[in-house]
Amino acid sequence: MSLHGDYDPQNIFAQIIRGEAPCYKLYEDDDVLAFLDLFPQALGHTLVIPKRAAARNILEIDAQALAKVMAATQLLARVLVDELQPDGVQVAQFNGGPAGQTVFHLHMHVIPRFAGQGLGIHAANKADPAELEALQARLVKRLAG
Ligand code: AMP
């Protein structure tokens, strides 16, 4: 898909926002939703998305909504670092197919990085549901504390 085009309300993240598709939710407020990536590139790979903006990418979202996504991205990065104690944390965002985007609802990737461990292949290996559930419980507890 190209950088330009119409927002598809049937994309998987729009379905998750509407509650029509499941997710391992970590955080939600009026404007933002954060959940675990189903195909994590590292332990704790998290996605942060705007709930109200029908924006395919960073070019289409208004600055105020983007600021809310970024504030939540920082919150999730802190929680992931506190709970998982990685050696680094990567924040990434792709716009358009050639840039690596596969889901066309704006999202931030927050990926804990561990020394000596390369980044897994993008959107390739589905995580074990039991592991995602256990991780979700740890992170939700950390967020609450
Ligand atoms: P991007 O390539 O930047 O558009 O990233 C899309 C991300 O969404 C990839 O990391 C996928 O693994 C992830 N993903 C796709 N479907 C789902 C889903 N149903 N729940 C959680 N993550 C998903």
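Reader: In which loop is glutamate 60 found?

Author: This is a predicted model, and in it glutamate 60 is found in the loop between β3, which spans 46–50, and α2. With a relative accessible area of 36%, glutamate 60 is partly exposed, because that label covers values between 20% and 50%.

Reader: Which residues does glutamate 60 touch, not counting residues up to four places away in sequence?

Author: With those neighbours set aside, glutamate 60 touches Leu3, Gly5, Ala54 and Ala55. A contact list can be read beside a distance: glutamate 60 and arginine 142 are 82 residues apart in sequence, and their C-alpha atoms are 33 Å apart in space.

Reader: How should I read a nonpolar core, and which residues of the largest one touch the most other members?

Author: The general idea is that, in soluble globular proteins, nonpolar side chains tend to be buried together. In this structure the largest nonpolar core has 20 residues, and Leu36, Val48 and Leu139 are those that touch the most other members. The elements that give two or more residues to this core are β2 (32–36), α2 (63–84), β5 (108–113) and α3 (129–144), and the largest share, seven residues, comes from α2. Apart from this core lies another, of eight residues, among them Ala21, Phe35, Ile49 and Val103.

Reader: What does leucine 139 touch, if residues up to four places away in sequence are not counted?

Author: On that count, leucine 139 touches Leu26, Leu36, Val79, Leu80 and Glu83. One of these partners, glutamate 83, can be followed further, and its place is in helix α2.

Reader: Is glutamate 83 buried or exposed, and which residues is it in contact with beyond its neighbours within four places in sequence?

Author: Glutamate 83 has a relative accessible area of 17%, and it counts as buried because that value is under 20%. Leaving aside those neighbours, glutamate 83 is in contact with Arg138, Leu139 and Arg142. In the other direction along the chain, glutamate 83 and glutamine 64 are 19 residues apart, and their C-alpha atoms are separated by 29 Å.

Reader: How many aromatic pairs does a search of the whole structure find, and how is the geometry of a pair read?

Author: The search finds one aromatic pair. To read such a pair, one looks at the distance between the ring centres and at the angle between the planes, where an angle over 60 degrees counts as edge-to-face. Here the rings of phenylalanine 13 and phenylalanine 35 have their centres 5.4 Å apart and their planes at 75°, so the pair is edge-to-face. The pair links distant parts of the chain, since phenylalanine 13 belongs to helix α1 and phenylalanine 35 to strand β2, 22 residues apart. Both phenylalanine 13 and phenylalanine 35 are buried.

Reader: What is the volume of the largest pocket, and which residues lie closest to its centre?

Author: The largest pocket has a volume of about 380 Å³. Of the 20 residues that line this pocket, the closest to its centre are Phe13, Asp37, Leu38, Phe39 and Leu47. The elements that give two or more residues to the lining are α1 (12–17) and β2, and the largest share, three residues, comes from α1. By class, the lining has 13 nonpolar, six polar and one charged residues.

Reader: How should I read the sign of phi, and what is the value for glutamine 85?

Author: As a general guide, most residues other than glycine have a negative phi. Glutamine 85 has a positive value, with phi near 50°, and its place is in the loop between α2 and β4 (88–92). At 57% relative accessibility, glutamine 85 counts as exposed, because the value is over 50%. Alanine 123 also has a positive phi, near 55°. Alanine 123 is in the loop between β5 and α3, and at 42% relative accessibility it counts as partly exposed.

Reader: Where is the place of glutamine 10, and which residues does it touch, not counting residues up to four places away in sequence?

Author: Glutamine 10 is in the segment before α1, and at 48% relative accessibility it counts as partly exposed. Not counting those neighbours, glutamine 10 touches Gln15 and Arg18. Glutamine 10 and glutamate 20 are ten residues apart in sequence, while from C-alpha to C-alpha they are 9.9 Å apart in space.

Notes
Residues are numbered from 1 along each chain as its sequence is written. This is a predicted model: local features need pLDDT of at least 70, side-chain atom pairs count only at pLDDT 80 or more; totals for chains, interfaces and linings use all residues. Side-chain values use heavy atoms; hydrogens and water are left out. A nonpolar core is a set of buried Ala, Val, Leu, Ile, Met, Phe, Trp, Tyr and Cys residues joined through side-chain atoms within 4.5 Å. Buried means under 20% relative accessible area, exposed over 50%, partly exposed in between (1.4 Å probe, protein chains only). Helices (H or I, at least four residues) and strands (E, at least two) are DSSP runs, numbered from the N terminus. Contact means heavy atoms within 4.5 Å. On a 1 Å grid over the protein atoms alone, a cavity is a set of points where a 1.4 Å probe fits but cannot get out, and a pocket is an open set with protein on both sides within 12 Å along at least five of seven lines; lining residues have an atom within 4 Å of a point. Grid points are joined across faces, edges and corners, and a volume is the space filled by probe spheres set on the points. Ala, Val, Leu, Ile, Met, Phe, Trp, Tyr, Cys and Pro count as nonpolar, Asp, Glu, Lys and Arg as charged, and the others, Gly among them, as polar. Rings of Phe, Tyr and Trp (its six-membered ring) pair if their centres lie within 6.5 Å; planes under 30 degrees apart count as stacked, over 60 as edge-to-face and the rest as tilted.
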